Amino acid sequence: MNFRERDQKHLWHPLTQHKLHPDHLPIVKAKGVWLYDEDGKQYIDGISSWYTCMYGHCHPQIISPVKKQLEVLDQVVFSGFTHPPAIELSEKLMAILPSKMAKIFFSDNGSTSVDVAIKMSLQYYFNRGEKRKRIIAFDNAFHGDTFGAMSVSGLSVYNGPFEDFLLTVDRLEVPDENNITALLKKFKAMLDTGEVAAFIYEPLVQGAAAMHMYRPDHLEMLLRMAQDAGVLTIADEVMTGFGKTGKNFASEYMISQPDVICLSKSLTAGVAPMALTCCSQKVYEAFYDDEISKGFFHGHTYSANPLACTAAIAGLDLLRSDEIQTAIKNIHKRHLKFEQYIKTHSKVKQTRVTGVILALDLDVKMDRYGKLRDELYAFFMEQGVFLRPLGNTIYTLPPFVISNSELNRIYEVMEKSLELI
Ligand SMILES: *Cc1c(COP(=O)(O)O)cnc(C)c1O
């Protein structure tokens with residue numbers, strides 16, 4: 001039996017209806033921006049394997065310290081113990097996080113980092129003896145697939161069976177020029193109930209909502225209002241964190257800083273699953289007490305795994321290097337140039353760019369997982385470029401280390417794909 005047949009015997013893949021999509025392509029190797037399948041055919045990883053491996057796959061500066069760490073300390077319980085990689089990571093992160101951040105809580109993935117943020121917010125008010133049980137989240141938000149994260153997410157096609165079991169969430173449209181005045185009014189009315197514990201948002205770019213982008217000054221107004229009303233603000237930077245918007249964190253585009261930030265995905269440079277929820281001193285202090293039960297009794301077995309922390313430290317060193325900072329600016333400039341060129345194409349309805357993220361909306365109606373979407377995906381793969389269309393949006397979020405010619409190849413294949421519609 002080959003890989004494909006063996007896969008079908010026991011494996012159940014994420015976000016997949018297996019009856020319609022039984023076949024999965026075996027990838028056996030990856031290096032830099034390239035993925036290699038079992039036949040040796042290679043593909044440019046145009047979405048950095050879901051925004052994780054921003055420094056390219058198997059980067060020597062990441063792999064080598066992880067290998068060394070593997071010989072020294074592989075895993076240890078993080079309650080009662082601490083270890084050098086976690087300590088060093090906390091110091092390096094604090095040096096670049098927005099200045100309000102004071103404490104870091106580890107978990108395993110983006111969804112758990114959001115669940116931690118939600119639990120922190122609810123317990124923050126509980127510990128202070130205030131009844132605040134509602135959370136405000138944006139329409140079309142995506143914050144993950146665990147129950148808390150699913151509750152504050154908006155893509156309900158997938159949430160149908162669970163809707164009766166979710167947290168109490170007030171929904172807000174994403175701001176734009178047309179709705180902002182009405183939106184601020186609605187937001188104020190929600191805040192005025194005095195029942196809201198937190199406002200959670202993906203700053204500037206909603207990834208799963210087809211890279212929907214919105215203005216920093218609009219978000220700034222919402223953050224000010226929330227903070228004036230004593231509501232905690234949670235920036236979900238699981239996708240936007242670590243340079244993808246052009247700055248280290250999207251939150252840097254606003255003056256008002258969040259009380260809590262969720263980080264994962266490229267945190268570990270695509271090497272190991274790990275996540276963080278960072279919070280301000282104010283949040284931490286609501287838990288700091290002589291009473292045990294006021295503590296935060298949440299924990300994951302692999303919290304702060306030393307190998308994952310080591311990969312994260314190496315990733316941060318790369319992020320701060322001149323080479324990567326220059327690469328981020330270069331990709332952004334090239335995206336803008338391609339955007340200028342492609343936006344007048346008759347099949348292109350809309351274009352947008354933030355940092356290294358480029359998205360094109362095609363002028364056609366299609367389902368999120370419909371037939372044309374599958375045809376586009378198959379075309380990209382046949383052309384040797386891994387891109388995953390979201391509805392009628394095609395986008396790229398390439399590794400920072402992509403070369404000009406590799407990036408041009410992505411643009412070329414995107415343009416060619418327009419002939420399919
Ligand atoms: C991917 C993502 C998550 C969920 O992270 P997982 O590691 O897949 O659980 C949460 N929030 C945002 C903004 C994301 O992009």
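## A turn after helix 8, and other local features

Just after helix 8, G230 takes a positive phi of about 75°. This structure is a predicted model. The report starts with that helix and then moves to other backbone angles, the cysteines and a surface patch.

**Helix 8**

Helix 8 covers residues 216-228, which makes 13 residues. From its first C-alpha to its last it reaches 18 Å. That is close to the 18 Å expected at 1.5 Å a residue.

Which residues of helix 8 are buried? They are H218, L219, E220, L222, L223, M225 and A226. These buried residues have several partners. They pack against three strands listed here by number: strand 5 (134-138), strand 6 (169-172) and strand 7 (196-201). They also pack against helix 7 (180-192) and strand 10 (232-236).

**Positive phi without glycine**

G230 has a positive phi. S49 and L204 have one too, although S49 is not a glycine and neither is L204. The table sets out the two residues.

| Residue | Phi | Place | Relative accessible area |
|---|---|---|---|
| S49 | about 45° | helix 2 (residues 48-51) | 26% |
| L204 | about 70° | loop between strand 7 and strand 8 (205-206) | 5% |

Are they buried or exposed? S49 is partly exposed, because its relative accessible area is 26%. L204 counts as buried, because its relative accessibility is 5% and the cut-off for buried is under 20%.

**Cysteines**

How many disulfides does the structure hold? The number is zero. C53 is in no disulfide, and the nearest cysteine sulfur, that of C58, is 9.1 Å away. C279 is in no disulfide either; the nearest cysteine sulfur belongs to C278 and is 7.9 Å away. A disulfide needs two cysteine sulfur atoms within 2.5 Å, so a pair beyond that limit does not count.

Both of these cysteines are hidden from the surface by the numbers. C53 counts as buried because its relative accessibility is 1%. C279 counts as buried because its relative accessibility is 4%.

**A nonpolar patch**

Which residues form a nonpolar patch on the surface? They are F147, F162 and F165. Together they have about 320 Å² of accessible area.

Take F165 as one of the three. Its place is in the loop between helix 6 (147-152) and strand 6. Why does F165 count as exposed? Its relative accessibility is 59%, and exposed means over 50%.

Strand 6 thus turns up twice. The loop that holds F165 lies between helix 6 and this strand, and buried residues of helix 8 pack against strand 6.

Conventions: Residues are numbered from 1 along each chain as its sequence is written. This is a predicted model: local features need pLDDT of at least 70, side-chain atom pairs count only at pLDDT 80 or more; totals for chains, interfaces and linings use all residues. Side-chain values use heavy atoms; hydrogens and water are left out. Helices (H or I, at least four residues) and strands (E, at least two) are DSSP runs, numbered from the N terminus. The expected span of a helix is 1.5 Å times one less than its number of residues. Buried means under 20% relative accessible area, exposed over 50%, partly exposed in between (1.4 Å probe, protein chains only). Contact means heavy atoms within 4.5 Å. Patches are made of residues with over 30% relative accessible area and no salt bridge: like charges are joined within 9 Å, nonpolar side chains (Val, Leu, Ile, Met, Phe, Trp, Tyr) within 5 Å. Accessible areas come from the Shrake-Rupley method with a 1.4 Å probe; for residues, only the protein chains shown count as cover. A salt bridge is a side-chain nitrogen of Lys or Arg within 4 Å of a carboxyl oxygen of Asp or Glu.
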